[in-house]
Amino acid sequence: MKYKILTNSFTNRSKQLLFLTLAIGMLSTSCKKYLDVNSTPNNPTVVPPSVLLPNTTIGIAFANGNDLNRATSALVQHIAGVANQTAAYDVYNFSGAFDNQWTGEIYGGAVSNLVILINSDSATSPAYSGIAKLELAYIISVAADIWGDVPYSQAGQGLKFESPRFDKVQDIYQGNASLGITSLFDLVKSGIADLGKTSALKPGKDDMVYGGDLTKWARMGNTLLLKFAIQLTNVNPTLATSVINDVITGNNYINSSSLDFAVPFGTAVGNQNPIFSFNNVNRNSDQMLSTRMLNLMKGLNDTVRLGKFFTKPSGSFVSYDNGSTAAIPALATRSRYNTYNTGDRSGNTADGKVGGDTAIRLLTYFQVNFILAEAALTLGTPGDPNALYQAGIKASMLKAGMTGAEVDAYFTSNPTVVTLSGTVEQQRQQIITQKYIAWVGNGIEAFNDYRRTGYPVLALVNNPSGDDPTTIPTRLPYTNTELSTNVNAPNPRPLTNVKLWWAK
Amino acid sequence: MRKHFLLLSSCLLLLFAHVFAQSKTITGSVTDPTGKPVPGATVLIKGSRTGTSTKSDGSFSLNVNEKAKTLVISAIGWASQEIEIGSRTAFSVSLTGKENTLSEVVVTSLGIARDKRSLGYATQNLKGDQIADKGSVNLLNALEGKVAGVNITGASGSAGASVNINIRGITSFTKSNQPLFVVDGIPISNDVDRTNGGPNGTLGDNQPANRALDLDLNNVESVNILKGPAASVLYGSRAAAGAIIITTKKGGGPGGKSEIIAGSSYSVQNATGLPKLQNEYGEGLNGAYATTTSSSWGPKFGSTPTVANGLLVGGVAVPYNPYPNNISEFFRTGTISDSYLQISGGDAKQNFSLSGGYLNQNGILPNTYVKRTNVKFTGNTILREKIKLGASVTFTNTIQNGILGGNGQSALGVLWGMARSIDLTSYRTKGTYKNADGTNNFPIPNTDNPYFDAYSNPLKSNLYRILGSVNLGFDVTPWLNVSYRLGIDAYTDRRKQIFAISSGRVPTGQDLEATFFRSEVNGDLIITAHKNDFFVKDLNLTALVGQNINQRLLQSTQVQADALAIPGYYQANNGTVFSNGSNESTTLTRLLGYYGQLSFAYKGYLYLEMTGRFDQSSTLPKNKNTFFYPSVNAGFVFSDAFGITNNVLSYGKVRASIAKVGSDAPAYQLSNTYVSGGYGNNVASVSFPFGTTAGFGASSRIAPLTLSPEFTTAYEAGVNLGFFNNRLSIDAAYFNTVSKSQIFNVGIAPSTGYSTKTTNAGKMTNKGVELMVTVTPVQTRDFKWDLTGNFTKIVNKVVSIAPGVISFSIPGNAFTGSIPSIKVGQPYGVIIGGVIPRDSATGQRLINPGTGLYATTTPNQVLSNPNPEYSLGVTNNLRYKGFSLGFTFDFTKGGQILSFTAATYKSRGAWAPTAVDRDKPWILPGVIPVAGGKAKTNNIQIPAQAYWQTLGGLQSEFNVYDATVFRMREISLGYDLPSSITKSMHINYIRLSVFANNVFFIAPNSIIDPELNTQGAGNIRGLEFQSAPNARTIGANLKVSL
C-alpha cells in the first residue's frame, strides 16, 4: 500500500533525482559516525600500576624457574635431561632454544613493563618505581649472567631504541657514564631510595611477595647488592668488598628464611610454578635426578636432604648419567623433583596432580650466609666464615624440610663436611659446593657460582655436542630472533665456550 | 549506529519503491534436434546484458522490458539463433547446426550476468551437475582438480575438516587469502573459527570447518570463480583474494509449471594413505622389551613368546604378538547419507522455491560426525511489470563432532606412534579403554588410549546460521535500472570441548564452552544505464554506479572451566578454576564503498571496460580512511572483427586487464593496549589472575603511528581460441600481480620489550599461467566425449619485507623449530627450522665424530617449501544415450610437506623399512670433518634404532617430503531412464548414479598422503601434525524430477 502512495506523489523525474540526491547526501554526513568504531572494546589502553606489578613479579620468577632453569640445572648436573629439549640441553645442544625466555619472559614480559612502571610512577608513586628498579636489576643480572653482553640501558623502551645496544657485562655491573649506563648497584640504590619517598599509590596485595611491606623490599635490595658484589670477586674485588662492607654495616638485608625473596605460585591450574607445570603436568618424562648429583650427595652422606629434593618412588634413588645413551629407567621409578620444588599441599605426591605452589626462590637467607662466608674468607669482610658456612647449610636443610633433629644429627655425624678446613681455596670449594647443593631447583645461581669459582668440579657429560663438545658451556647462545632483528647484536654470536667477563 | 543503519537502509529501499516501467516475462525451452532438452544454453536479449541460461530440463524464463526485440539463444556445440520477441511470451527453440562463437553467460561481480565473450579477464564457471552427486560434502572439495589458477587443499578426511583455497597465489602477508564467498549476491562468511582447547591449542584440536561447509551442494546452480582483481574489483577490498560466486537454484518453471526434485545419496568412506608398517618387532627399546614405551624397538616376535606386552585386557596379560591392523582398525567405515527435496513453482513472474536437505556423515574416525540441515525459501515476484522483488532465506544447522589430533596427547598423536604389539582394537571391542571410574586405561604412562581420547575428549560444534536477502529492481526507463540488494549472514556456533579427568593433555579435566557469533550485513545500491548506438552506431554503453555498505561483527565468548570436581560431568559449574582462557571479544568492522563502471561494446567484438571504487574503512586512521582503486580491461574478438570463418579457427579473442585492489587493515590496530598477563607455552605456563590478583602487561605489539591500505596490482593478458567449430577451445591467461604496502606485524628486536610493530611495508609478487582446454574428441548422435583440462603454474616470491627484516613468522600457532615463514627471496610460507650443516667440499652432511650422528643443526634455514611447482587436472565426460561417465584426475608437481606422522613411523620403529636388517649396524650417510684436511666418509656404525631415530626427528629435513601426487579425484557413472519410460509416468527424469571420490593416489616420494594440512584453511600450509588421513568415498545417488 505504501508503494502506491509514494508512487502517486512522485511522478516526475526531477523529483526522483532530488530525492536520490538527498538520500545520498544523508548517507555521506552520517559516514563519519558510522565508521567511527575502531576503538577496541577488548583490551584496556591505560592500566594502574597495581596490575602491572604482579605481572612483572611473576615474570621474573617464571624466567628463573622455566627453561633457563632446566638448561642450567642440566649444565650443573643437578638433573639429567632424558627426553625432548631437556635431553638436548643435557649434551649442550641449544639449537633454536630460549626465544621464549629472552622474548616472552625477560624482555617482553618483565623488562618492558618494569620500564613502564619506572617511567610512569617515579614522580608520583615511587613505591612502585622503587620495586620496579629492584626487579629490573635482578632480571637484567640474570640475562647478563647467562648471555654476557645484553641490552640493558636501551632495552624495553619500544620504538625509542629499535635495535637496543648490547651493553657490556662490565658496564652493566659497574656502570659507564659516557654510554649512559647506570650500574646495577646504582639502580638498586636508586630503587631503595624510591622506597623511602612519599608515594601516592602503594602496593598491597598486588605485591605478591611482601604484601606491600616496603621495608622488606629494602632488605631484598640490599641482598641483591650482596649477590651482585660476590659475582665480581674475580674481576673487581675492591668494589665487591666495599659493597659488602656497606651492606653489612647497614644491617638491613635478608636475615631469615622467612624474608626470602621468593615469588609464590599456586595449586590452581594456570597458577602453578613452572617447575611443577613442566615436571608434573606437561613433560613428566623429560628430566630426572643426575647420577652425578646423587654421587656427590652420597659422598657427603647428605641423602636425607637429597630425599627432600628428589623423590624415591621405588624406595631408592633412581638417577641417570648426563648424556648417557643407556636405557632410561621406567618413568614410575625415576627420582624427580620432590615437593621442595614442585610444591604439594595435600601430601599426595603419588599421582603428581596436586601441587605447583612452591615459591620460586630468587634470593634466600642460605644464599646470604654463603655469600658472607665466602666474602669473609676471601675478601676479609666482617664475620666468621665457618659460622656463616654452617648457618648456610642449616638454613638450606631447614628450608628443604629437614627437621631440626635431622639437621643436628647430620652435623654431629659429619663434622668434616660442616667444618671449613684446609687452604682458603679448599674452604671456598666447601662453601660453593654447599651453596650448589642448596640451590637445587635454581640452576641459574648454581651455574653462576660454578663459572665464577669452578666449583663443584664437574666432568663433561657423555656424548657432548653443541658449539664446543670439549667444554661445559659457559654461556648460552643468543636467540635467533634477537640476532636476526637487532643490528646491534654481536654477529657472529660468541660461542658457548667464550667466558664471561666475571668468570674464572 | 544500528539505528542510523536501519534508517539509511529503509531510505534507500523507499527511494526506488516508487517508479515503474513496463516489462513482461517470457518463458521457453531449448531442445536439440532430437527433442532432448539442452541445459546451460544461453538466452540473451540482443544488445543488452540481460539474460539467463537454461535449466537442466532445457527451460528458461526471462524478464524482458518492452524495448527488447530479439532473443539470442546459443549453446556450446550449436549455432546461435536469433528470435524476434514480438508479442510472444512462450518460446520453443530447437537448436541446429554448429555454433561459430563461444558464448556463455556467467555471473560476475555484484551478481551481474554477462556474456563471457565481453569480459577482459578470466573467470571459470562450473555448473551444479559438475559439483553435486560426486561424493563431496564441502563445496570446495567438489572444486578440486577442476579450476585453473586455484590451489585447493583439504585438511584431512576428518568429518567437516576445513579446506584451503587460494586463487592465483597468496597476495597478503598476514590477512586472509581466502576468496570472498558470495551466495546469490550476498557476501557470506567462509571463516574458520578455531577452538583453543588444552595446552596444544589449535595445533592439536579437532580440525574445524571452513563455513562453506554449511552450503548444500544439491542447491547449487552454478559456481563462478572470479580469479583476478579485475574480475572481482567491484566487490572491493573484501574480494582482494578473488571471489567465488555461487548461484543457487531458483524456482519458476516454464509456463507456470511446478517442479519437484528429490534426491538421495548414500556413500561409504574409508581411510586412505596408511603406510606399510612392520610386524616383526614389538614394544621396547634397544632390542629389550619395555612396558612403558610406544616404540617398537623391542625384541623380535617369537623370540620371547612368554612376555606379556603389558596390556591387561580384563586383567589378563595378552601375549607378545604383532597386531598388524592395530592402527588401521581404528578407522571405521564412514557413511554419508544426503537427502534433498526441492519444490518450485510459479511462472517467470511469480515464483517460489522451497528446498530442504539433510546430510548425515559419520566420519572415518570414531565419534566424529557432521549433521547438516538446510532449509531454504526463495520467492520472486514482478509488480506492475517494472518492479522485480525477490527474497530468500536459508536456515542451516551444522553439527560437527570431532576428536583431537596433533603432537602429544591426542587420539591421533598416540595412534600414529603406537607400538606394533599393542592390541588396540580389543580396547574398543571390550570397552576397556577407560577404567570403571571413567579414567584413561592404557599401559603406557601419561598417554591417552586413542579410544579414550576419542570418546572422552571430543570437540563439538553446533552452528545455527541464517542467510537472508531481499532484492529489488526497477526498470525506471527502458535504459535505466535501479536495484538494491540487502543481505545478512549470521551464525552462532556453540562449541564444547571436554577433557576427561586423567586426560594426558589436561589431567585435571576441562570443560570449555565457546560461542562464536558472526554476522555480516551487506547492502548494495546499483544504478545501471544502458545506451545503444552511443554517439557512434554500434557502440553500446553500459554505465553503472553503486554504493555499498558493509558491516562485519565477530563476537566470541569462552568459559574455560578447569580442574573438574566431578568426573564425567561437563558443565562450567563443575570447574574449580575459570581464569585460564575464559574471555570475551568483539570485533566490529565497517566499510562504505562507492563504485562505478563504464563498459563499451563495439559491434559485439570489441569491448572496453573501466571501473573505479572508493572504499572507506573503519579500520584505517580517520583522516586517511578513504582509498581508491581503478581497473581497466579490454577484449577483442578478432575472429569476428576480421570475419575469420574457416574450419580450423572458429573463434578468437584476446583480452587484457590491469586492476588495482586495495584492502584495509584488521580492526583495532591503531592503539597500544594491555593484555592479561601470562607466560610460557605448552610445556609450562601460567596465566593471570593469580587467585584474586589480576596482572596485565603491555601487548607485545606496538601500534603504528599511521596505517594505509594494502594494494595489489594485477596485470593479466589472455586469449580464447576455438578450433574446428569449437570442438577444441583454449582459454589461456598469464598474470602478474604485485602486492605492496602490506599491513602486518613485523618482528622487531625482542629486547625493545616488544615482539612486533604494525607496519605498512613489503612487496610480494605472483606470476602465473593458467590454461583451460576443452575438447570434444567424439560427437555423434548418441555418443559424446568432452574433455576439459586445466593447468596452473604460479610462482610466488617475497621481494621485500621491511628494512632490515629478512624473515618473520606467519601469524598462527606453530612449533618452535618448524616455523611457517615469510622470507625475502623465497616463496610465501616456507617452513624455517634447523638444517644439518654440510661439508663445503663434498656437499655431504656433517657427522659428529663422537657419536656417529649428525652435527648440530644450523638454525633459521629453509626446511621446506609448501608451494607446488604446477598442477593440472583433467575431467572427462562421456555420454552415450542415457549413460554418462565422468572422471577427474589431477596431478600436482612439487611442493613439500613436513610430516610428524611420517617422522613418528620412523623414530618409533613402526614403518616397514625399519625392520629390515634391524640387527645389523647402520651408518648414516655423511662425512666426518677432519681438521685441516679432506672430510672422510662416515664409517661410524650405529644401531638401527639410533639410525631411524635420527631420520625420524620430528622437525628434521628427513621428514620433509616431496608432495608430488597423482590422484584419481572423482569417477561417476550416471544413467537417465529413457524418457519413453519416464514420460508415461509424468516424470521429467530419473537419474541414477554411482560415484567415487578420492579414488586413489600415487605419491612416489612421500610416506603419507601429501595432501594433508593440519591447519586447514589459512595461510599456514604444508604441515602435518599427526592429523587424520584422507578418506575415499564411494556412493550412489538417485534423483527424480517430477
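These notebook entries record what I looked up in a predicted model with chains A and B.

**Entry 1. The interface**

I began with the contact between the two chains. Chain A contributes 94 residues, and chain B likewise contributes 94 residues. The area buried between chain A and chain B comes to about 7600 Å². Carbon and sulfur atoms give 62% of that area. I then searched this interface for charge pairs and found 2 salt bridges across it. For Glu162(A) and Lys757(B), which form a salt bridge, I noted 3.1 Å between the closest N and O atoms.

**Entry 2. Salt bridges within the chains**

How many salt bridges does the structure hold over all chains? The count is 54. I looked up several of them individually.

Glu445(A) and Lys227(A) meet through their side chains at 2.9 Å, N to O. Glu445(A) belongs to helix H21 (residues 443-453) of chain A and Lys227(A) to helix H10 (residues 214-230) of chain A, so this salt bridge ties together parts that are 218 residues apart in sequence. I recorded both Glu445(A) and Lys227(A) as buried.

Arg283(A) and Asp286(A) also form a salt bridge, at 3.4 Å, N to O. Is Arg283(A) buried or exposed? Its relative accessible area is 18%; the cut-off for buried is under 20%, so Arg283(A) counts as buried. Asp286(A) is buried too, with a relative accessible area of 1%.

In chain B, I examined Asp214(B) and Arg211(B), whose closest N and O atoms are 2.9 Å apart in a salt bridge. Asp214(B) and Arg211(B) are both buried.

I also noted a network of salt bridges in chain A, which links Glu374(A), Glu425(A), Arg428(A), Lys435(A), Asp449(A) and Arg452(A).

**Entry 3. Helix H16 of chain A**

I turned next to helix H16, because Glu374(A) of the network is one of the buried residues of H16(A). The helix covers residues 365-378, 14 residues in number, and reaches 20 Å from its first C-alpha to its last. That span is close to the 20 Å expected at 1.5 Å a residue. H16(A) is mostly covered, with 12 of its 14 residues buried. Among them I listed Phe366(A), Phe370(A), Ile371(A), Leu372(A) and Leu377(A). After H16(A) comes Gly380(A), for which I noted a positive phi, near 75 degrees.

**Entry 4. Aromatic pairs**

A search of the whole structure gave me 55 aromatic pairs over all chains. In the pair of Tyr173(A) and Trp501(A), the ring centres are 6.4 Å apart and the planes stand at 40 degrees, so I entered it as tilted. Tyr173(A) is in helix H8 (residues 169-174) of chain A and Trp501(A) in the segment after helix H22 (480-485) of chain A, so the pair ties together parts that are 328 residues apart in sequence. Tyr173(A) counts as buried at 1% relative accessibility, whereas Trp501(A) is partly exposed at 23%.

In chain B, the rings of Phe173(B) and Phe744(B) have centres 5.0 Å apart and planes at 80 degrees, so I entered this pair as edge-to-face. Phe173(B) is buried at 0% relative accessible area, and Phe744(B) is buried at 1%.

I found a cluster of ring pairs that includes Phe330(B), Phe331(B), Trp416(B) and Tyr905(B).

**Entry 5. Charges over rings**

Finally, I looked up charged ends placed over rings. Arg451(A) has its charged end over the ring of Phe447(A), 3.9 Å from the ring centre. In chain B, the charged end of Arg991(B) sits over the ring of Tyr989(B), 4.4 Å from its centre.

Definitions and conventions. Residues are numbered from 1 along each chain as its sequence is written. Chains are lettered from A and ligands numbered from 1 in the order in which they are written. This is a predicted model: local features need pLDDT of at least 70, side-chain atom pairs count only at pLDDT 80 or more; totals for chains, interfaces and linings use all residues. Side-chain values use heavy atoms; hydrogens and water are left out. Helices (H or I, at least four residues) and strands (E, at least two) are DSSP runs, numbered from the N terminus. The expected span of a helix is 1.5 Å times one less than its number of residues. Buried means under 20% relative accessible area, exposed over 50%, partly exposed in between (1.4 Å probe, protein chains only). Rings of Phe, Tyr and Trp (its six-membered ring) pair if their centres lie within 6.5 Å; planes under 30 degrees apart count as stacked, over 60 as edge-to-face and the rest as tilted. A charge sits over a ring if NZ of Lys or CZ of Arg is within 6 Å of the ring centre and within 35 degrees of the ring normal. Contact means heavy atoms within 4.5 Å. Buried area is the accessible area (1.4 Å probe) that two parts lose on being put together, summed over both. A salt bridge is a side-chain nitrogen of Lys or Arg within 4 Å of a carboxyl oxygen of Asp or Glu.
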